[in-house]
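Me: Could you take a close look at one part of this model for me? I'd like a connected walk through the metal site and the sheet that goes with it.

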Amino acid sequence: MRLLVLLGLLGGGSAAVPMGPTWPEPVFGRLTSPGFPREYGNHQEWRWALRAPPGYRLRLYFTHFHLEPSFRCEYDFVKLSSGTKVLATLCGQESTDTEQAPGNDTFYSLGPSLDVTFCSDYSNEKPFTGFEAFYAAEDIDECREPPGEEATCDHHCHNHLGGFYCSCRAGYVLHQDKRTCSEQSL
Ligand SMILES: [Ca+2]
Ligand SMILES: [Ca+2]
C-alpha cells in the first residue's frame, strides 16, 4: 500500500499540470511617439487599441510628455478614449486654462477598452520629444461603487480578480439576481 502511494506521488510529479481556470494573459506594455526619445515628425497619426480581459480595466500613465502646445490641443495631441467617451486630450508640457498635459495623472478606462491616438500637424516651431507611457490591466473593484450610486450587493460584496459575488447575512437568502437578499421563509 505504501509503495502504491509512493508510485502515485512519483507519477503525479511527471503528470501534466492539473487543468484549472485559465488565468487571463497579463496585459501590459509601453507606448511611445514615433522615434522617441528623438523628436517626432510632422503628419503623424498613430492609434493603439488596448483591450483588457472582462472584469478588468486599463490603467495608463506617462513618464515623459513633451508635445507642441496649442489652443485646445488643436495642433499635436494624444487623445485617450473608452468607446465613444473621450477621457482626455493632451498636449504641451504643462496644463493651462485651456490645455491639459498629463503631469502625474493616472488615467483609467471605463470598461475593458482604451484607445490611444497620437496626431501631429504639418509643422513644429521647435523640436518636441513626444511621449512615453506605460499601461497595465487591473481588476475592477465592483464592490467600491462611486458615492451616490446604489450598492452593488444588498448585504456583503466580495471582490475578486475578474469579477465579484454577493452574500447575505444569516437568516437571509440570495435572490436569483445574485444581488438581492430576502428573508428566509421557514
Ligand atoms: Ca506640430
Ligand atoms: Ca473584481
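Reply: Quick definition before we start: two strands count as paired if DSSP finds at least two bridges between them. Keep in mind that this is a predicted model.

With that, the sheet: it is an open one of 4 strands, ordered E1-E8-E3-E6, with antiparallel pairing. Strand E1 (28-32) and strand E6 (106-108) sit at the edges with a single partner strand each, so one side of each has no neighbour in the sheet. On average, neighbouring strands here are turned by 25 degrees against each other, ignoring direction. Zooming in on E1 and E8, they pair in the antiparallel sense over 5 bridges. Thr-32 is found opposite Glu-132 in E8.

Now for the metal. The calcium ion (ligand 2) has protein donors 2.3 to 2.8 Å away. Asp-139 is listed twice, each time through OD. Glu-142 gives OE and Asn-159 gives OD1, while Ile-140, His-160 and Gly-163 each offer their O. Read along the chain, the donors follow the spacing D-I-x1-E-x16-N-H-x2-G. Asp-139 belongs to strand E8 (residues 130-139) and Gly-163 to strand E10 (residues 163-167), so this pair ties together parts 24 residues apart in sequence.

Are those two donors buried or exposed? The cut-off for buried is under 20% relative accessible area. Asp-139 has 16% relative accessibility, so it counts as buried. Gly-163 is buried too, at 10%.

So E8 is where the two topics meet: the strand pairs with E1 in the sheet, and Asp-139 of E8 is a calcium donor.

Notes:
Residues are numbered from 1 along each chain as its sequence is written. Chains are lettered from A and ligands numbered from 1 in the order in which they are written. This is a predicted model: local features need pLDDT of at least 70, side-chain atom pairs count only at pLDDT 80 or more; totals for chains, interfaces and linings use all residues. Side-chain values use heavy atoms; hydrogens and water are left out. Donors are N, O and S atoms within 2.8 Å of the metal (3.2 Å for Na, K and Ca); water is not among the atoms, so sites may look incomplete. Buried means under 20% relative accessible area, exposed over 50%, partly exposed in between (1.4 Å probe, protein chains only). Axes are lines fitted to C-alpha atoms, for helices over the stretch in contact, and angles run from 0 to 180 degrees between N-to-C directions.
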